[in-house]
Structure formats: structure tokens, C-alpha cells
Amino acid sequence: MRITVAEIVTTHGINGNLKVKNLSDNEKRFENGEKLLIDNEELTVESSFDQKGLKVIKFEEYNNINDVLKFIGKDITIEDKDLGKLHEDEYYVFQLEGLDVYDNGQKVGTIKEVITGVYPNDVYVIKTDKDEVYFPALNATVKKVDLENGFIEIENFSDYE
């Protein structure tokens with residue numbers, strides 16, 4: 001399975017650099033020599049730097065703006081085997097999306113999306129029968145995450161409906 005680590009926004013300059021929206025929290029993901037995928041093409045990072053909230057990446061395989069125009073709007077991915085190890089009680093967003101959500105043993109919905117980087121904590125967008133509920137991912141509200149059985153147990157859901 002492939003995991004999206006960045007979205008290509010536009011080009012930068014004439015030498016084949018790409019401006020991307022970084023979706024990875026791995027600081028080493030875009031270091032020189034790192035291997036990344038665009039579609040089925042494996043590319044090697046030659047250099048990268050941050051600029052105005054985006055990352056600018058130069059791949060060894062491309063040296064001309066005309067050759068990288070085809071990548072605008074595409075995702076940069078990695079294989080899931082290349083994901084780093086997490087600490088206990090840490091999860092990747094893609095692992096949480098789609099989990100059933102229970103409060104006091106009753107199913108209240110499904111995690112549709114996880115919002116990260118906007119608030120001090122992550123926020124789960126829970127799709128219910130009626131609506132979407134924005135629920136804070138806090139130790140005080142999330143009691144159990146069971147990836148193997150596909151559910152998450154929360155507390156005080158009604159406070160956020």
C-alpha cells in the first residue's frame with residue numbers, strides 16, 4: 001500500500017524544482033538521497049528546502065521545468081514498509097480513518113477524516129447518521145484504539161454533537 005507524503009502544487013524556477021505541500025511529520029523524508037514515488041516512477045531527492053509554508057524539492061532525475069510540469073497536482077508517495085516506527089499509542093492518520101466509533105458501547109459513527117496541524121490537538125471528523133461531528137483527540141476523550149478490530153472507544157461524545 002502506498003502512503004501520500006506530499007502533494008505537488010507547482011513548479012519552482014526553471015531547473016525542475018517542484019513546490020509541494022508536505023503531509024509528512026518525518027523531518028528526514030525529503031533529505032538528499034531519499035527515494036520517493038510519483039505514480040510508478042521512483043525518484044531520488046537531490047535537494048530540498050522550505051519556502052513560505054511549502055517545501056521545494058529537486059529530484060536528481062529532472063533538470064528542466066518542462067519535464068516536471070506533468071507532475072503538478074499529483075501525489076508524492078512512499079510504500080507503507082518505508083513508514084517509521086511509532087511509539088505505543090501513536091497512529092498514522094490513514095490507520096484511523098474508517099474506524100467505527102463507540103461511546104459507552106454504542107456505535108455513534110465512523111471516522112471520516114483526521115484534521116492535524118490546525119489545532120493544538122488532532123480532531124476526528126466523525127460521520128454519524130445525521131451529521132458530521134468534530135471531536136477532539138485527547139487522552140481525556142479517547143479511551144481505546146483497536147486497529148485490529150477496527151474501532152475506537154471514546155467518551156463524552158454527546159458533548160460535541
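Two strands count as paired here if DSSP finds at least two bridges between them. Strand β3 (residues 35-38) and β4 clear that bar, with 4 bridges joining them in an antiparallel run. Within this pairing, Leu 37 sits opposite Glu 42 of β4. The model is a predicted one, and the rest of the picture can be built outwards from this pair of strands.

Zooming out, the protein chain holds 2 helices and 12 strands. Read from the N terminus, the order of elements is β-β-β-β-β-α-β-α-β-β-β-β-β-β. Along the principal axes, the C-alpha atoms fill a box of roughly 55 × 30 × 25 Å. Of the 161 residues in the protein chain, 37% are buried. As for contacts with a separation of 6 or more, 45% of them link residues 24 or more positions apart.

The protein chain splits into domain 1 (2-82) and domain 2 (93-159). Taken over C-alpha atoms, the centres of domain 1 and domain 2 lie 31 Å apart. UniProt also has something to say about both stretches. An unreviewed entry there places the feature "domain: RimM N-terminal" at residues 5-81, and the feature "domain: Ribosome maturation factor RimM PRC barrel", again from an unreviewed entry, at residues 94-155. In the model, residues 5-81 come out as 5% helix and 52% strand, with the end C-alpha atoms 13 Å apart. For residues 94-155, the figures are 5% helix and 53% strand, and the end C-alpha atoms are 22 Å apart.

Now for the way the strands are arranged. Strands β3 and β4 belong to a closed barrel of 6 strands, which runs β1-β2-β5-β4-β3-β6 with antiparallel pairing. From one strand to the next, the twist averages 50 degrees. A closer look at β4 (residues 41-51) brings up Thr 44, which is found in this strand. Thr 44 has a relative accessibility of 6%, so it counts as buried. Its side chain makes a polar contact with the side chain of Lys 35, at 2.8 Å. Setting aside neighbours within four places in sequence, Thr 44 touches Gly 33, Glu 34 and Lys 35, and it is also in contact with Lys 58, Phe 59, Glu 60 and Glu 61.

The other set of strands is an open sheet rather than a barrel: its 6 strands have the order β10-β9-β8-β7-β12-β11, and the pairing is mixed. The edges are formed by β10 (132-136) and β11 (142-146), each of which pairs on one side only. Direction ignored, neighbouring strands of this sheet are turned by 35 degrees against each other on average. One of the pairings is between β7 (residues 100-103) and β8 (residues 106-115), antiparallel over 4 bridges. Here Asp 103 stands opposite Gln 106 in β8.

Strand β9 (residues 123-127) is home to Val 123. With 8% relative accessibility, Val 123 is classed as buried because the cut-off is under 20%. Beyond its neighbours within four places in sequence, Val 123 has contacts to Glu 113, Val 114 and Ile 115, as well as to Tyr 134, Phe 135 and Ala 137. Val 123 and Val 133 are separated by 10 residues in sequence, and their C-alpha atoms are 9.7 Å apart.

Over on edge strand β10, Pro 136 is another buried residue, with a relative accessible area of 13%. Pro 136 and Asn 121 are 15 residues apart in sequence, while the C-alpha to C-alpha distance is 6.9 Å. Asn 121 turns up again in the list of contacts made by Pro 136 outside its neighbours within four places in sequence, together with Asp 122, Thr 141, Val 142 and Tyr 160.

That list leads on to Thr 141, which lies in the loop between β10 and β11. Loop position or not, Thr 141 is buried, with a relative accessible area of 4%. Leaving out neighbours within four places in sequence, its contacts include Phe 135 and Pro 136. Glu 153, Ile 154, Glu 155 and Tyr 160 also contact Thr 141. Tyr 160 is thus a contact of Thr 141 and of Pro 136.

Technical notes. Residues numbered from 1 in each chain as written. Predicted model: local features only at pLDDT ≥ 70, side-chain atom pairs only at ≥ 80, totals over all residues. Heavy atoms only, no water. Axes fitted to C-alpha atoms, helices over the stretch in contact; angles between N-to-C directions. Buried < 20%, exposed > 50% of the residue type's maximum accessible area, 1.4 Å probe, protein only. Polar contact = N/O pair within 3.5 Å; in protein donor to acceptor, adjacent residues only side chain to side chain. Contact = heavy atoms within 4.5 Å. Domains from an automatic or database assignment. UniProt positions renumbered as here; feature names shortened; annotations may be inferred.
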